[in-house]
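Biologist: I have a model open on my screen and would like to learn how to read it. Could you walk me through it, one feature at a time?

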Amino acid sequence: MRFFDLQTDFFIPLWRRYVLIAFCFGWGLIEFLTNAPFWGIIFSGMGVLAVWQLFFDNWPKDTADTNGQSDEE
């Protein structure tokens with residue numbers, strides 16, 4: 001299990017992905033505006049990771065191709 005693993009069934013609805021990304025970048029912006037650049041970089045980086053995992057990292061995986069077998073076998 002990875003530390004920042006967003007590839008779960010909870011994020012299958014598209015609106016939840018957008019809310020998470022908006023929250024990360026919004027909170028990063030708030031941190032930059034309140035002169036806390038360290039936390040601004042952290043939350044903006046989390047937003048970038050969320051965009052990558054939720055839209056570009058071949059997700060959601062199509063489970064119909066595995067014929068009932070899990071990926072962990």
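Biologist: Let me start with the helices: at what angle do α1 and α2 pack, and how far apart are their axes?

Modeller: Happy to help, and please keep in mind that this is a predicted model. Two packed helices are described by the angle between their axes and the distance between the axes. Here α1 and α2 meet at about 160 degrees, and their axes are 7 Å apart. Angles over 145 degrees count as roughly antiparallel, so that is how α1 runs relative to α2.

Biologist: Which hand does the crossing of α1 and α2 have?

Modeller: The crossing is left-handed. You can also sort the residues in the contact of α1 with α2 by class: 18 are nonpolar, four are polar and two are charged.

Biologist: How many helices and strands does the protein have in total?

Modeller: There are two helices and zero strands.

Biologist: Now the interior. Which residues make up the largest nonpolar core?

Modeller: The idea is to look for buried nonpolar residues whose side chains are joined to one another. In this protein, the largest such core has nine residues: Phe4, Leu6, Phe11, Leu20, Ile21, Cys24, Ala50, Leu54 and Trp59. Both α1 (14-33) and α2 (37-56) supply at least two of them, and α1 gives the most, with three. Try clicking on Ala50: apart from its neighbours within four places in sequence, Ala50 is in contact with Phe4, Leu6, Leu20 and Ile21.

Biologist: Trp59 is on that core list too. Where does Trp59 lie relative to α2?

Modeller: Trp59 sits in the segment after α2. To judge burial, compare the relative accessible area with the 20% cut-off; Trp59 has 11%, so it counts as buried. Beyond its neighbours within four places in sequence, Trp59 has contacts that include Leu6, Phe11, Arg17 and Gln53. Trp59 and Leu6 are 53 residues apart in sequence, yet their C-alpha atoms are 9.7 Å apart in space.

Biologist: What share of the contacts in the protein with a separation of 6 or more joins residues 24 or more positions apart?

Modeller: That share is 56%. As for burial, 26% of the 73 residues are buried.

Biologist: One last feature: is Asn35 buried or exposed?

Modeller: Its relative accessible area is 69%, over the 50% cut-off, so Asn35 is exposed. Asn35 is found in the loop between α1 and α2. Check its backbone as well: Asn35 has a positive phi of about 60 degrees, although it is not a glycine.

Conventions. Residues are numbered from 1 along each chain as its sequence is written. This is a predicted model: local features need pLDDT of at least 70, side-chain atom pairs count only at pLDDT 80 or more; totals for chains, interfaces and linings use all residues. Side-chain values use heavy atoms; hydrogens and water are left out. A nonpolar core is a set of buried Ala, Val, Leu, Ile, Met, Phe, Trp, Tyr and Cys residues joined through side-chain atoms within 4.5 Å. Buried means under 20% relative accessible area, exposed over 50%, partly exposed in between (1.4 Å probe, protein chains only). Helices (H or I, at least four residues) and strands (E, at least two) are DSSP runs, numbered from the N terminus. Contact means heavy atoms within 4.5 Å. Axes are lines fitted to C-alpha atoms, for helices over the stretch in contact, and angles run from 0 to 180 degrees between N-to-C directions. Angles under 35 degrees count as roughly parallel, over 145 as roughly antiparallel, 65 to 115 as roughly perpendicular and the rest as oblique. A crossing is left-handed if the near helix is turned anticlockwise from the far one by less than a right angle, and right-handed if clockwise. Ala, Val, Leu, Ile, Met, Phe, Trp, Tyr, Cys and Pro count as nonpolar, Asp, Glu, Lys and Arg as charged, and the others, Gly among them, as polar.
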